[in-house]
Amino acid sequence: MVEIMIMQRMSVAMEYGVILEWLKEEGEHVEKGEPVVEIFGEKNEFELESPYEGILLKQLCEVDDEIPISEPIAIIGEEDEEVPDITPKKLGEMEEDQTPAAEDKRTAVEVVKEAESTGQTEISRLRGGRVKASPRARKKAEELGVNIKMVRGTGPSGRIVEDDVIEASKVQVDSREIKEIKPMSPLRRTIARRMTESSERPHITMITEINMTEVVKLRKEINTKTEKTHALRISFNDIIVKAVADTLEKFPHFNATLEGNNIKMYDDINIGIAMATDEGLIVPTVFSANKKSITEIAQESQGLKERAQEGELTSEELSGSTFTVSNLGPFQVDLFIPLINPPEAAILALGQIKEKPVAVDGMIGIRHMMMASCAVDHRILDGAPAGKFLQVLKESLENPYFMKI
């Protein structure tokens with residue numbers, strides 16, 4: 001009896017997996033629990049194990065295919081057993097199916113000329129900036145040095161086919177030399193997909209400036225102790241994460257997701273910390289941050305940062321956040337407007353802390369100031385509560401000795 005191996009969910013947020021490498025070839029024997037295929041799912045790589053013992057009769061997907069959760073990816077059974085005709089749904093194809101059929105019957109040359117004059121190539125575009133194109137068309141575009149994003153497809157649903165690329169190569173007037181065409185990595189694709197989802201949600205953003213002078217003093221005081229006792233250096237972000245977690249206890253709607261017509265508010269306060277890696281942006285989680293001390297948050301954050309750079313974070317560490325903090329202060333950024341990490345309700349963005357002259361009690365004084373912006377999902381939250389959240393957070397950071405240190 002043949003068994004169908006499916007794409008498994010490896011984390012709560014995972015919606016699809018990218019086939020990175022088949023570890024078993026067709027015709028090979030596989031044991032139950034033996035790795036069969038390496039996949040990329042929700043910002044991390046995993047080896048998917050076989051739930052069955054038998055012969056790998058057929059691989060249903062190719063490397064780089066994006067397969068939704070629960071779709072079949074392989075068939076396992078006895079040798080010489082009849083292989084059923086099964087074709088998995090692939091993410092790109094599903095998006096194509098949802099796109100209205102193109103009515104444009106003009107030649108590719110005419111279409112390309114129009115595209116160049118109007119910049120309109122949307123019919124062949126998918127969300128995330130990708131284009132609908134056959135593998136042969138992509139290969140031909142690479143051979144001919146054609147920018148496939150400037151080709152408009154004449155195939156089904158506007159899909160770019162090989163002939164479109166050949167015709168486009170005859171008329172393409174872009175004289176810019178292409179140094180390299182680099183396919184997006186699975187992580188980059190995930191970021192593109194998630195940020196596209198985020199941009200489709202109505203955001204409203206509140207901005208304030210926070211006096212961090214007392215935080216600077218507190219950090220110096222804590223580090224005097226922790227560097228000796230724990231060989232650990234507390235960062236400003238560790239203190240801010242603690243302040244955010246404590247503030248969220250008072251604002252449950254900020255610690256929530258929208259599911260259908262229901263707002264799901266979480267008891268757990270898990271702070272996602274946006275981190276830049278060589279491969280792209282990831283958001284590991286500090287769980288129950290409101291129940292931890294600043295030192296505990298610092299130890300956990302340091303461990304997450306080290307494992308992130310080594311690519312060793314687990315799926316559990318990369319999921320489960322209920323609110324995200326993104327800090328570009330170390331890059332000397334003063335202020336930026338963030339996109340919410342879906343499906344969360346809000347995100348806090350921080351700029352650098354720097355000394356500035358400010359008015360204090362009618363006098364000019366030098367203080368350590370930081371810009372902060374909070375973007376919220378306007379379907380869940382309005383401007384007034386967003387402003388109140390920032391106000392309470394600001395008060396907490398300007399008086400950090402009242403925090404639950």
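Three exercises with worked solutions follow, on a predicted model of one protein chain.

Residues are numbered from 1 along each chain as its sequence is written. Local features need pLDDT of at least 70 and side-chain atom pairs pLDDT 80 or more, while totals for chains, interfaces and linings use all residues; side-chain values use heavy atoms, with hydrogens and water left out.

**Exercise 1. The chain as a whole**

Task: State how many helices and strands the protein chain has, and what share of its residues is buried.

Solution:
- Step 1. The chain has 9 helices and 18 strands. Helices (H or I, at least four residues) and strands (E, at least two) are DSSP runs, numbered from the N terminus.
- Step 2. Of the 405 residues, 47% are buried, where buried means under 20% relative accessible area with a 1.4 Å probe, protein chains only.
- Step 3. For contacts (heavy atoms within 4.5 Å), take those with a separation of 6 or more: 64% of them join residues 24 or more positions apart.

**Exercise 2. An open sheet**

Task: Give the strand order of the open sheet that contains β6, and work out which strands stand at its edges.

Solution:
- Step 1. Four strands lie in the order β1-β8-β6-β3, with antiparallel pairing. Two strands pair if DSSP finds at least two bridges between them.
- Step 2. β1 (3–6) and β3 (29–30) each have a single partner strand, so one side of each lacks a neighbour in the sheet. These are the edges.
- Step 3. β6 (residues 54–59) is joined to β8 (residues 72–77) by 4 bridges. Leu 56 has Ile 76 of β8 as its bridge partner, and Gln 59 stands opposite Ala 74 in β8.
- Step 4. β3 and β6 share 2 bridges; His 29 is partnered with Ile 55 of β6.
- Step 5. β6 is largely enclosed by the rest of the structure, because 5 of its 6 residues are buried.

**Exercise 3. The second largest pocket**

Task: Describe the volume and lining of the second largest pocket.

Solution:
- Step 1. The volume is about 780 Å³. A pocket is an open set of points on a 1 Å grid over the protein atoms alone where a 1.4 Å probe fits, with protein on both sides within 12 Å along at least five of seven lines; lining residues have an atom within 4 Å of a point. Volume is the space filled by probe spheres set on the points, which are joined across faces, edges and corners.
- Step 2. There are 27 lining residues, and those closest to the pocket centre are Ser 235, Asn 237, Lys 305, Asn 327 and Pro 330.
- Step 3. Elements giving two or more lining residues include α7 (236–248) and β17 (346–360). The largest share, 5 residues, comes from α8.

How values were computed. Buried < 20%, exposed > 50% of the residue type's maximum accessible area, 1.4 Å probe, protein only.
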